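Reader: Hello! I have a protein chain open on my screen and would love a close look at a single part of it. Could you walk me through one strand and its surroundings?

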Amino acid sequence: MKIKLAVSLILAAAASGAGRPPALLADAIASAAETGKDAGAALVPLRLKLPKPVFVGTPKNAPPGTNMEKPSGKKRPPVMVPPGCVNAAKDRPVTSSAPTPIIGEVELLTDGDKEATDGSYVELARGRQYVQVDLGKKYDISAIVLWHYHGDPRVYHDVVIQTALDADFISGVKTVFNNDHDNSSGLGVGRDREYFETYEGKLVEPKGATGRYVRMYSRGSTADEMNRYTEVEVYGRPEK
Ligand SMILES: [Ca+2]
Ligand SMILES: [Ca+2]
């Protein structure tokens, strides 16, 4: 009923024509969005705070041996999520497959700093590695945004993102992204595409994923064999 009322408000505001100040229409739309929130129905745009870009554009040609998606050349359109999503990863504990990082600490992954500067990334050794965040409780996850080191347009290999209910990834494991098209990391053949790392990070929408732990694999990049991670954000709502 509330939604109906808000919609008729919008229609009324629009129909009353040029005489109306545009602010009134905006108010009606905002009110509709608020009403939708109450109803748990309307999705809202996910607002991300992006780091500074350090290069403009991406190379036209895909690096050899990659399975690239074509860069759009445009900013990423806003992603719509249910109202009430929070970044459940912020300041949460991080573990990794490498006992000791080569540079930095794994905690850098959830400290809120996404810049492409020295001191903002953790570097793990060559080969298949992962970092893993404990969200502290179960979330319905709507979006995951992952930044590797993005100081140049490199392509990270075998990017696989999984969610699970337990820290050992035995229970309720769901692979929500996998671009390892030749299964060189042995986690299964991925259907997702490789991509140039940029300041926007990689946004994944894990439809229907529920979990407490998020694990992110990689296996070096086109720049070198090392694995560099800068930040991850996991947007979701605590499961009731
Ligand atoms: Ca960080
Ligand atoms: Ca591969």
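In which sense do strand β6 and β11 pair, and over how many bridges? Please take β11 as the part to look at, and then lead me outward from there.

Author: Happy to. Please keep in mind throughout that this is a predicted model. Strand β6, residues 129–148, and β11 pair in the antiparallel sense, and the pairing runs over 9 bridges. To find one place in that ladder, look for I141, which stands opposite G236 in β11.

Now to β11 itself. This strand spans residues 227–238, and 10 of its 12 residues are buried, so it is mostly covered. For comparison, 33% of the 240 residues of the protein chain count as buried. Besides β6, there are other partners to trace. Strand β5, residues 122–124, is joined to β11 by 3 bridges, and these two run antiparallel. Here V122 is the residue to pick out, since it stands opposite Y229 in β11. Strand β3, residues 86–87, also pairs with β11 in the antiparallel sense, over 2 bridges. On that side, N87 has Y235 of β11 as its bridge partner.

It helps to set this in the whole chain. The protein chain has 2 helices and 11 strands. Along the sequence, the pattern is α-α-β-β-β-β-β-β-β-β-β-β-β. If we take the contacts with a separation of 6 or more, 74% of them are between residues 24 or more positions apart.

From the pairing we can move to the side chains. The largest nonpolar core has 39 residues, and those that touch the most other members are V133, I144, V232 and V234. The elements giving two or more residues to this core are β5, β6, β7, β10 and β11, with β7 covering 160–164 and β10 covering 209–218. The largest share comes from β6, which gives 10 residues. I144 is a good residue to centre your view on. Leaving out residues up to four places away in sequence, I144 touches I161, V176, V204, P206, V214, V232 and V234.

One of those contacts, I161, brings us to β7. Why is β7 described as largely enclosed by the rest of the structure? Because 5 of its 5 residues are buried. Both faces are covered: V160, Q162 and A164 are buried on one side, and I161 and T163 are buried on the other. As for its partners, β7 and β8 run antiparallel and are joined by 4 bridges, with K174 in β8 as the bridge partner of T163. β7 also pairs with β10 in the antiparallel sense, over 5 bridges, and there A164 stands opposite Y213.

Next, let us step out into the loops. The loop between β7 and β8 holds F169. Its phi is near 55 degrees, a positive value in a residue other than glycine. F169 counts as partly exposed, because it has 16 C-beta neighbours inside 10 Å. D91 is another non-glycine residue with a positive phi, of about 60 degrees. D91 lies in the loop between β3 and β4, where β4 covers 94–96. With 10 other C-beta atoms within 10 Å, D91 is exposed.

The loop between β8 (174–178) and β9 (202–204) contains V189, and S184 is placed there too. V189 counts as exposed because it has 9 C-beta neighbours inside 10 Å. Setting aside its neighbours within four places in sequence, V189 is in contact with H181 and N183. From V189 to N178 is 11 residues in sequence and 7.6 Å in space, C-alpha to C-alpha. S184 has 11 C-beta neighbours inside 10 Å and therefore counts as exposed. Not counting residues up to four places away in sequence, S184 touches D158 and R219. Its C-alpha atom is separated by 9.4 Å from that of H157, 27 residues apart along the chain.

Finally, a word on confidence. The average pLDDT of the protein chain is 87, and 83% of the residues score at least 70. Over residues 1–39, though, pLDDT stays under 50, and the model has 30 contacts beyond four places in sequence for that stretch. To return to your part, β11 is mostly covered, and its antiparallel pairings include the one with β6 over 9 bridges.

Key: Residues are numbered from 1 along each chain as its sequence is written. Chains are lettered from A and ligands numbered from 1 in the order in which they are written. This is a predicted model: local features need pLDDT of at least 70, side-chain atom pairs count only at pLDDT 80 or more; totals for chains, interfaces and linings use all residues. A residue is buried if 20 or more other C-beta atoms lie within 10 Å of its own, exposed if 12 or fewer, and partly exposed in between; C-beta atoms are placed from the backbone. Two residues are in contact if their C-beta atoms, placed from the backbone, lie within 7 Å. A nonpolar core is a set of buried Ala, Val, Leu, Ile, Met, Phe, Trp, Tyr and Cys residues joined through C-beta atoms within 7 Å. pLDDT is the predictor's confidence in each residue, from 0 to 100.
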